[in-house]
Amino acid sequence: MSYELSAPPVVADLQSHARAITSQAFSVSHRTLGDWPISTPLVNGKRQPRTAEVWAFALAVLGDADLEAEVTQRMTQSLRTDVEVLLPAAREAKAERDSSLKGGRGAHLRTENAAV
């Protein structure tokens, strides 16, 4: 099941979030969402993150101001407000994630060995 930004749930399972993001912004799988640095509490055995937290990180990943404005315009005022509060932390988490992914496994070891 998916949802519209004009009537978003407070929480949803990863598959619903993935379908909503794919239909509203960009293609993403529920497995990719599971790797995002967002809290994903279990509800009835399913990982169900908060919609605002998912969309804040989705906008951080998007990195396109025009498309970001278009997407946030479709959100309810309540969701938009929550996303705007969470967005700076989401951008920081994305930057940290990107820098750790660039180095790959053992990057910290290569850096330490280079200094020796």
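This briefing covers helix α3, the aromatic pair, the salt bridges and the largest pocket of the structure above. The model is a predicted one. The whole structure holds one aromatic pair and three salt bridges. Its largest pocket has a volume of about 150 Å³.

**Helix α3**

- Helix α3 consists of twelve residues, and the distance from its first C-alpha to its last is 16 Å, close to the 16 Å expected at 1.5 Å a residue.
- Eleven of the twelve residues of α3 are buried, so the helix is largely enclosed by the rest of the structure.
- The buried residues of α3 are T51, A52, E53, V54, W55, A56, F57, A58, L59, A60 and L62.
- G63, just after α3, has a positive phi of about 60 degrees.

**Aromatic pair**

- A search of the whole structure gives one aromatic pair, formed by W36 and F57.
- The two rings are tilted, with 4.9 Å centre to centre and 55 degrees between the planes.
- W36 sits in the loop between α2 (30–35) and β1 (42–43), while F57 belongs to helix α3.
- The two residues are 21 residues apart, and the pair links distant parts of the chain.
- Both W36 and F57 are buried.

**Salt bridge between helices α4 and α5**

- The side chains of E68 and R91 form a salt bridge, at 2.8 Å from N to O.
- E68 is in helix α4 (residues 65–73) and R91 is in helix α5, so this salt bridge ties together parts that are 23 residues apart in sequence.
- E68 has a relative accessible area of 16% and is therefore buried, the cut-off being under 20%.
- R91, in contrast, is partly exposed, with a relative accessible area of 41%.

**Other salt bridges**

- E70 and R74 meet through their side chains in a salt bridge of 2.9 Å, N to O.
- E70 is partly exposed at 44% relative accessibility, and R74 is also partly exposed, at 30%.
- A further salt bridge joins the side chains of K94 and D98, at 2.4 Å from N to O.
- K94 and D98 are both in helix α5 and stand four residues apart, about one turn of the helix.
- An α-helix has 3.6 residues a turn, so residues three or four places apart point the same way.
- D98 is partly exposed, and its relative accessible area is 25%.

**Largest pocket**

- The space in the largest pocket amounts to about 150 Å³.
- The elements giving two or more residues to the lining of this pocket are α3 (51–62) and α5 (77–103).
- Helix α5 supplies the largest share of the lining, three residues.
- The lining is made up of P8, P9, V10, R50, T51, A52, T76, S78, L79 and D82.
- By class, five of the lining residues are nonpolar, three are polar and two are charged.
- T51 and A52, which are among the lining residues, are also among the buried residues of α3.

**Where the topics meet**

- Helix α3 contributes F57 to the aromatic pair and two or more residues to the lining of the largest pocket.
- Helix α5 holds R91 of the salt bridge to E68, both K94 and D98, and three residues of the pocket lining.

How values were computed. Residues are numbered from 1 along each chain as its sequence is written. This is a predicted model: local features need pLDDT of at least 70, side-chain atom pairs count only at pLDDT 80 or more; totals for chains, interfaces and linings use all residues. Side-chain values use heavy atoms; hydrogens and water are left out. On a 1 Å grid over the protein atoms alone, a cavity is a set of points where a 1.4 Å probe fits but cannot get out, and a pocket is an open set with protein on both sides within 12 Å along at least five of seven lines; lining residues have an atom within 4 Å of a point. Grid points are joined across faces, edges and corners, and a volume is the space filled by probe spheres set on the points. Ala, Val, Leu, Ile, Met, Phe, Trp, Tyr, Cys and Pro count as nonpolar, Asp, Glu, Lys and Arg as charged, and the others, Gly among them, as polar. Rings of Phe, Tyr and Trp (its six-membered ring) pair if their centres lie within 6.5 Å; planes under 30 degrees apart count as stacked, over 60 as edge-to-face and the rest as tilted. Buried means under 20% relative accessible area, exposed over 50%, partly exposed in between (1.4 Å probe, protein chains only). A salt bridge is a side-chain nitrogen of Lys or Arg within 4 Å of a carboxyl oxygen of Asp or Glu. The expected span of a helix is 1.5 Å times one less than its number of residues.
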